[in-house]
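Hi everyone, thanks for coming. I'd like to walk you through one model today, so let's put it on the screen.

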Amino acid sequence: MMRSARRDRAAVPLISDPIEEALDDAPLSLFHFRAAITAGAGFFTDAYDLNVIGTVMLLVRPQFGLDAGQVALASSSALLATAIGAFLFGRLGDLLGRRRIYGLEAAIMVVGALLSAVSPNFAWLLVARFILGLGIGGDYPASSVIMTEYANRFNRGRLVGLSFAFYVLGQMTAYLVSLLILAAGTPSDLAWRFILGFGAIPSIVVLWNRRHMPESPRWTLRVAGDRERAANDLSVFSERRDVGTVSRHARVKLSLSDMLRNKIFLITLVGTGVSWFFYDVASYGNSVSQPLLIKSISPATDNVTNVAINALLVICFGVTGALVGLAVIDRMRRTTLQISGLCLCAASMLLITLIPGLTDTVAPFAVVFGLSLFGSAFGPNPGLILLSAECYPTAARSTGHGISSSLGKVGAFIGALVAPLVLSAYGLRVTTLLAGACFVLAILATLVLRDPSGVPLDAASAQLEGDLRAPELEPA
């Protein structure tokens with residue numbers, strides 16, 4: 001059956017299968033929400049484990065006698081591993097299937113969180129956070145791609161957006177758990193261990209739930225070439241069991257070199273990966289150092305008050321932004337949504353840079369800084385996840401997403417490593433100026449993408465798929 005991509009691209013013929021059409025047209029069901037929550041639980045864990053490190057550093061620094069460079073390294077070590085894990089697990093997702101890696105990365109997160117909690121010294125903590133980061137990185141393409149491929153075309157943005165909204169809940173929980181542990185009077189040498197160890201609990205829940213999820217029928221059909229198994233997996237969340245036949249079947253196998261030599265793939269990677277890189281340089285530089293930013297404005301602020309302020313910021317601005325974004329995500333073009341959020345982030349950073357009074361006291365700074373949290377949760381948080389999955393064809397989707405999120409986490413590593421050093425050496429306004437510039441660069445990179453919203457998933461990447469399939473096409 002022939003379909004074509006629509007919207008702002010020229011019509012691109014696409015040989016589709018009734019199984020893919022059934023996925024695109026499947027009515028919204030309990031399975032979709034269960035899958036979104038299962039994927040979201042992974043993002044929740046990712047956010048918790050990455051965002052607690054700022055608070056943990058406030059407690060660990062005096063205990064281990066760390067200097068500014070060691071604090072920056074500890075804050076960013078998991079992010080470097082996240083970049084490696086995203087690339088590695090993203091590629092394995094295309095080679096081995098989505099389901100095979102959908103629980104493995106959660107198991108690695110459990111191990112990493114527990115090892116972090118029992119760290120006897122700084123070196124141990126670095127290694128444990130690195131292991132944790134590998135699992136977190138693997139979860140980005142695994143959760144994003146499988147949720148995108150389960151979703152129907154009418155609610156794809158909302159379902160994937162719902163999954164990533166759990167990231168904001170993870171941020172909020174990171175501060176709330178830290179606040180409760182500190183407010184309870186827990187000695188600081190034990191408090192940070194409890195805070196880090198708590199991250200293993202949601203990882204265990206994720207691991208258990210993912211054992212029962214079916215393989216993506218799109219991957220089984222297009223890459224594994226097993227149409228019968230794809231039809232059986234489809235029946236788990238669609239009322240359609242008899243999905244008919246097609247006259248031509250093909251198993252698409254793509255090597256990494258095929259992708260990286262393809263012009264359209266590389267242009268798409270600029271839009272999804274380079275935009276993610278610059279966004280994460282700014283956003284992780286801010287979020288990982290958020291407690292340090294508050295401390296730089298009000299050095300007399302105690303740890304409990306500091307964490308409480310950050311928790312309030314995430315609740316008031318981050319959660320609100322995620323809810324507003326979720327409400328409009330399928331009513332706006334994906335690229336427009338992302339650029340709008342990035343504009344809010346850039347405006348927030350530039351206002352802090354240009355208006356000296358905003359850095360004199362915590363309250364006005366927190367309000368304007370909160371605008372960037374709202375913008376992130378509203379636009380680029382769900383936008384980057386969606387665009388990195390929708391813009392690539394099934395045979396390259398996990399790899400494309402893995403490279404994109406890997407580039408993002410390289411940016412996150414740089415941001416988390418450099419931000420504390422810049423903050424210490426040059427002050428808050430230089431830090432926010434650099435963040436604002438990175439948000440602007442992310443906007444420019446997003447502009448190269450063709451918007452994939454509102455079309456069947458395979459039609460969204462039809463042009464790239466046609467270009468990539470030509471070199472290697474095997475009979476099923």
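So, to begin: at what angle do helix α5 and helix α8 pack, and how far apart are their axes? Keep in mind as we go that this is a predicted model. The answer is about 175°, with 8 Å between the axes of α5, residues 104-117, and α8, residues 188-197. An angle over 145 degrees counts as roughly antiparallel, so that is how α5 runs relative to α8.

Who makes the contact? On the α5 side, look for A113, S116 and A117. On the α8 side, the residues are W192, R193, L196 and G197. By character, the residues of this contact split into four nonpolar, two polar and one charged. As a reminder for reading such a list, an α-helix has 3.6 residues a turn, so residues three or four places apart point the same way.

Let me zoom out for a moment. The chain holds 22 helices and four strands. It has 476 residues, and 62% of them count as buried. If you take the contacts with a separation of 6 or more, 84% of them are between residues 24 or more positions apart. The accessible surface comes to about 16,700 Å², and carbon and sulfur atoms account for 68% of that.

Now back to some local spots, starting with helix α1, residues 18-25. How many of its eight residues are buried? Seven of them are, so to speak, under cover. These are P18, I19, E20, E21, A22, L23 and D24.

Next, please find H32, which sits in helix α2, residues 30-64. Is H32 buried or exposed? It is buried, and its relative accessible area is 0%. Its side chain also has a partner: the backbone oxygen of Y150, at 3.3 Å.

My last stop is V324, in helix α15, which spans residues 303-328. V324 counts as partly exposed because its relative accessibility is 34%, and the partly exposed class runs between 20% and 50%. Which residues does V324 touch, once we set aside its neighbours within four places in sequence? Those contacts are with F374 and F378. A377 is worth finding on the screen too: V324 and A377 are 53 residues apart in sequence, yet their C-alpha atoms are 8.8 Å apart in space.

That's my tour. I'm happy to go back to any of these spots.

Definitions and conventions. Residues are numbered from 1 along each chain as its sequence is written. This is a predicted model: local features need pLDDT of at least 70, side-chain atom pairs count only at pLDDT 80 or more; totals for chains, interfaces and linings use all residues. Side-chain values use heavy atoms; hydrogens and water are left out. Axes are lines fitted to C-alpha atoms, for helices over the stretch in contact, and angles run from 0 to 180 degrees between N-to-C directions. Helices (H or I, at least four residues) and strands (E, at least two) are DSSP runs, numbered from the N terminus. Angles under 35 degrees count as roughly parallel, over 145 as roughly antiparallel, 65 to 115 as roughly perpendicular and the rest as oblique. Contact means heavy atoms within 4.5 Å. Ala, Val, Leu, Ile, Met, Phe, Trp, Tyr, Cys and Pro count as nonpolar, Asp, Glu, Lys and Arg as charged, and the others, Gly among them, as polar. Buried means under 20% relative accessible area, exposed over 50%, partly exposed in between (1.4 Å probe, protein chains only). Accessible areas come from the Shrake-Rupley method with a 1.4 Å probe; for residues, only the protein chains shown count as cover. A polar contact is a pair of N or O atoms within 3.5 Å; within protein, one must be able to donate a hydrogen and the other to accept it, and residues adjacent in sequence count only if both atoms are side-chain atoms.
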